[in-house]
Amino acid sequence: MTTLWVLLPLLAALLAAPASALAGYLRPSLAAPVGATLAALAFGASLWGWGMGGGVIDVAWAPTWEIRFAVAFDGLAALYALLATGIGFAVLVYSSRYLPLHLGHEGRPESDGVGFYFFILLFMGSMVGLAMAQDLILIFVFWDLTAIASYYLIGFDRHDPDARASALMALLVTGVTAVLLLIGALMLHAAYGTFSVPELARMVEPGPLLTVSGLLIAVAGLAKSAQAPLHFWLPRAMAAPTPVSAYLHSAAMVAAGVLLIGRVYPLLQKSEVLLDSFLLFGAASVIVGGFLALTRDVLKQLLAYSTISQYGYVVYMFGLGGKYGVAGASFYVIAHALSKSALFLTAGAVTEATGEDRLSRLGGLRKRMPVLAAASGAAAAGLGAVPLTIGFFKDELLFGAALERGPALAALAVLWAALTLAYIWRFWSGIFLGAPGEGTHGERQLPAALVAPVVVLGALVLVGGILVGPFEALAEAAGKASFASPTPVEPAYHLDARPENLMALAAYGLGALIVLSWPAWSRSALGVSRLGERVGPERIYDLTLRGLNRLSDWAHWAEVRDLRSRVAAILLPAGVLVGAGVLATPSAGAYRVGELRAGEAPLLLALAAAAVASLAATRTRPHVTLALVLSGAGFMLAVVYAFFGAPDVALVAVLVETILTLLFVATLKLIPYEVLHRQAELPLQRPRRKALISLVAAAFAFAVVWGALSQPAAEESVARKLLRLTPEAHAKDAVTAILADFRGLDTLGEITVVALVLLGVATLLGRGGTR
Amino acid sequence: MSPGPPGVPGATPDANPRAEPATSVMARKVARLLLLPALLVAAGILVKGYAESGDGFSAGVVAALGVLLQYLAFGREEAEKLPVVRHAVPLAFVGLLASIGVAAAPLLFGDAVLTHYPPPGSKVVYLGTLELITAVLFDVGVFLLVFGFAVGTVTIFARAGEAGGGHNRAGTGVERGEGRSGEGTRE
């Protein structure tokens, strides 16, 4: 138990959300500082844990299902935990200033922010958990936790239908693909008997099983990382408040996808097919994302497509494989996270100061915001892989990995680097350079808390460009965890004509060419992007969703359109089907009329009374009387149960009839009296058809019951078995034991339905009555 | 909810508290006298459920009937002076959570859903007829849910009825009434 400290980062990160919510409950303004403090603590614990060399905790969780609570603080966990907590801290500091402003614009109370901090910290906690989890089921649990947190955060502006639709889209795309992850995990478990990733990595052999299950898991990761063609949810997720976007893109949601791939990479790399598919999806995402980023006008949209493209690189490098590919992918994640979070926070600050979020209406802000311009300039340079920033090395590693696979892939890499440079130049120069834009006349001051995180992150980008050592060590440690063997890479400046340097120079030249020639072909590029919106995957998503909605509407319509037809639709087919069964069964000796004993006369009497009440119900028109007549039939049946020696059933029948009558009458009270009265006066419609349907259904039901009761009871029936088991369940009453124990799951399902009905009633009728 | 405008015909009796109560002295007296016994019987049914007839469901309905009797005798505003009536809906969900909790708790120990403790065959602590086993807790959840459902639904209906009782709602009521001309069928 000496390694319990391994849990420290996880505990700090998981505690942050409830602690912040509790503080916020006491005083809303406390939520952010408490959350930020715990995030900082978790960051410190992660750093310390990494310094201590990591460790493993592996305890049984659900042994019968071979699920283990296995967490490890290895290189990969350290990388993503540091990102999640470190950038989480920066984002929380930024939010503490940004969110009150945002809520102010939206006219919402400050207390709404408490939920925001809760979910962003839950996000952080589940990211740390995901980073450390070694068991596929545990991974799945944390995976879905991030999806839930993202749903709330993206839909934070819940009065905005667009935000709600975007949140649903993110949840559906990542949630449905998460099920694929679960299926993949179960397939692997079925074949190898374990969910543990390290054990699987030792046992798995290449083959169709690995290809299929690996592909399922990979699709979950790719969808979460917004890789084409499942990329469309990410730009939509920009409906979230800016700090959320920054976090989502750099250290949380999107990073979770490549984290998963990195975690199961020891399995995946055994299959050539999987590696090739990574190349394909990564390349498609780089091109689609990079190209669309060039065409976007809204700041956050541009950055969103840039994220798709950047994670495309990461996936591509995983596909390239080899030590450069795997360690490079991890390094790329670090470099991108630092730059991208700074750029998002810049976009938020600029929009906050000017009230404008489109490039075409911004410009020339460098004089008004020199600090922000410089800091975000460093971050942009980092993304564009300019020397003296950490980004230079990410491209150096990309070129190195691509070169190992031949000149064609290397040429592609150069083209993509140029694309990145071009769109990020467009972003930065569009905001800060040139003539002041139309939308830049607002005179709002920028609070320091909105600039400081950008400065810190920008400074880190520059520090990484000079002192690359710690970042490299982290990436190598992560690469080692993914690659299952050391991955020494030496990113450094070399002042000679080695291929990587030449490729970087070529990328700069090509990037400049794209920027300069952009006005000439921007129009056609826009056209292509419009076409993509028309026929792209988002359209398919829309059509699917709309089709499902229509199906649900139709089912609802068919169900509630007409009570009479609905009852007939159940009674008639049921009667006919049962009747066909009765007619097909040999009937000799199946129907017996038993003898009637004198003591059973009261039973007959009760049955006759029930029959009379049922018949009377068909002729009764006033609604309240009808309710009473029906309950009369029910009470008579309760008497019958009592005669049969079933006190439990009789008790329940009496109680149910009583409470149902009350509820029935209460329901009638909702309808104005005149309406009820007029209804009761209306003539019966199609009485013959109704009678026919009832008779058919009733006759066959009668035949079936008669036939069933004519059979002698089986020797060892289910009932007998349950009766025998009752004492073992510490019970003397079999009915209760059945309800609470033997068939407890049924009871659970039933009470859930009851609770749902209550929820429906409360939602439909609560708050101001019948609308 | 605010009482209906004075002088509107068809307004509910409790719109004017000074008006003649809708129920007789006898009914009110009996209702008041029966509340405590009903709750006691419910508690008895719940506690003895494992030994004799009755279970959480029956207990919940009996308790709800005792409370609903107050509704019938005194009207909504009087009945809502009981705290359980005001919090009936949350109570139902507390019950559901309790039952789901009991059902899911064994997962944490690696057992199947709804494994009850102590396991079959081992010793059980008795408090009178009450046995301390998790199945009883499950039943308590059912009790709370059923009670909360019955009382909560009637409370919501009563509030909605008062809010929609005036003339302004009559129009929508007519349309809705005509929409279900086949009214009167029940399982």
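A nonpolar patch of about 650 Å² lies on the surface of this predicted model. Its members are Leu388(A), Val456(A), Leu460(A), Val463(A), Ile466(A), Leu467(A) and Tyr493(A). One of these residues, Ile466(A), belongs to helix H19 of chain A, which covers residues 448-466. Ile466(A) has a relative accessible area of 63% and therefore counts as exposed, the cut-off being over 50%.

The charged side chains come next. Side chains of opposite charge can pair when their charged atoms come close. Over all chains, the structure holds 13 salt bridges. One of them joins Arg236(A) to Glu538(A), with an N to O distance of 3.0 Å. Arg236(A) is in helix H9 (residues 233-236) of chain A, while Glu538(A) is in helix H22 (residues 537-560) of that chain, so the pair ties together parts that are 302 residues apart in sequence. At 27% relative accessibility, Arg236(A) is partly exposed.

Another salt bridge in chain A links the side chains of Arg108(A) and Asp112(A) at 2.8 Å, N to O. Arg108(A) has a relative accessibility of 13% and counts as buried. Asp112(A), with a relative accessible area of 17%, is buried as well. Both values fall under the 20% cut-off, so this salt bridge is formed by two buried residues.

Chain B supplies a further salt bridge, in which the side chains of Arg76(B) and Glu80(B) meet at 3.0 Å, N to O. Arg76(B) is buried at 5% relative accessibility, and Glu80(B) is buried with a relative accessible area of 13%. Back in chain A, Arg108(A) and Asp112(A) are part of a network with Asp157(A) and Arg158(A), joined by salt bridges that share partners.

The remaining description concerns chain A as a whole. Its secondary structure comprises 31 helices and 2 strands. Along the principal axes, the C-alpha atoms of chain A fill a box of roughly 110 × 60 × 50 Å. The chain has 771 residues, of which 51% count as buried. Among its contacts between residues at least 6 apart in sequence, 78% join residues at least 24 apart. The salt bridge of Arg236(A) with Glu538(A) also spans sequence, its partners lying in parts 302 residues apart.

Chain A exposes about 34100 Å², and 70% of this area comes from carbon and sulfur atoms. The chain carries 52 positive and 48 negative charges, and the mean positions of the two sets are 9 Å apart.

Technical notes
Residues numbered from 1 in each chain as written. Chains lettered and ligands numbered in written order. Predicted model: local features only at pLDDT ≥ 70, side-chain atom pairs only at ≥ 80, totals over all residues. Heavy atoms only, no water. Patch = residues over 30% accessible without salt bridge, like charges linked within 9 Å, V, L, I, M, F, W, Y side chains within 5 Å. Areas by Shrake-Rupley, 256 points an atom, 1.4 Å probe, with all protein chains shown as cover. Salt bridge = Lys/Arg side-chain N within 4 Å of Asp/Glu carboxyl O. Helix = DSSP H or I, 4+ residues; strand = E, 2+ residues; numbered from the N terminus. Buried < 20%, exposed > 50% of the residue type's maximum accessible area, 1.4 Å probe, protein only. Contact = heavy atoms within 4.5 Å. Lys, Arg positive; Asp, Glu negative; His and termini not counted. Charge placed at Lys NZ, Arg CZ, Asp CG, Glu CD.
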